[in-house]
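I opened this notebook to keep track of what I looked up, one topic at a time. I start with the surroundings of a single side chain and work outward from there.

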Amino acid sequence: RRHLIAIYSELVFPTMQALTRVLRLDSGIRNIILSNPAKRNALSLAMLDALHKDIEREAENDARVLILSAEGNVFSSGHNLKELAKSEGSHRHQHIFEKCNDLMALVRNIPIPILAQVRGLATAAGCQLVASCDIAVA
């Protein structure tokens with residue numbers, strides 16, 4: 001971890017209403033950070049969209065390695081249960097789960113390695129995200 005801190009560049013890219021942040025590191029390393037610790041980095045529909053866009057964009061922009069990490073004491077608590085509870089019928093649930101499946105497929109199939117840097121809890125869909133990565137470091 002100290003090694004990575006030493007190579008952070010000054011560029012920080014906030015994305016999707018600050019649900020994620022992207023740090024560009026030297027040598028094509030990108031750190032995509034789940035940045036909603038107040039909600040335990042829950043994989044809301046907005047968070048799923050932000051992660052999908054960040055991963056696609058960085059893979060297209062000369063990234064050689066992607067690191068997924070999170071702010072706070074929880075990597076990800078999984079789906080946002082409040083969002084699911086207020087959903088209008090099964091169509092909304094199906095949409096959320098399809099977005100989640102699309103993200104997991106992207107993580108599994110992208111042609112560059114993705115590492116999950118896990119500090120703290122990773123449950124439900126958060127654990128699925130970790131398991132979809134090429135390597136998990138906890």
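Entry one, a single residue. I listed what Leu43 touches, leaving aside residues up to four places away in sequence, and found Leu34, Leu48, Leu51, Ser76, Gly78, His79, Asn80, Met104, Ala125 and Gly126. I note for myself that this is a predicted model.

Entry two, the cores. I then looked up the largest nonpolar core, which has 28 residues, and Leu43 is among those with the most contacts inside it, together with Leu51, Ile55, Leu68, Ile114 and Leu129. At least two residues of this core come from each of strand 3 (29-34), helix 2 (45-60), strand 4, helix 4 (89-109), strand 6 and helix 5 (125-132). Helix 4 gives the largest share, 5 residues. I also found a second, separate core of 5 residues, which includes Leu23, Leu25, Ile29 and Ile33.

Entry three, strand 6. Which side chains of strand 6 (residues 114-117) are buried, and which are not? I saw that Ile114 and Ala116 point to one face and are buried, while Leu115 and Gln117 point to the other face and are not buried. In a regular strand the side chains alternate between the two faces of the sheet.

Entry four, the neighbours of strand 6. I checked the pairing and found that strand 4 (residues 65-70) runs parallel to strand 6, with 3 bridges between them, and that Ile67 stands opposite Leu115. Strand 8 (residues 135-137) also pairs with strand 6 in the parallel sense over 3 bridges, and there the bridge partner of Leu115 is Ile135.

Definitions and conventions: Residues numbered from 1 in each chain as written. Predicted model: local features only at pLDDT ≥ 70, side-chain atom pairs only at ≥ 80, totals over all residues. Heavy atoms only, no water. Buried < 20%, exposed > 50% of the residue type's maximum accessible area, 1.4 Å probe, protein only. Pairing = 2+ DSSP bridges. Core = buried A, V, L, I, M, F, W, Y, C linked by side-chain atoms within 4.5 Å. Contact = heavy atoms within 4.5 Å.
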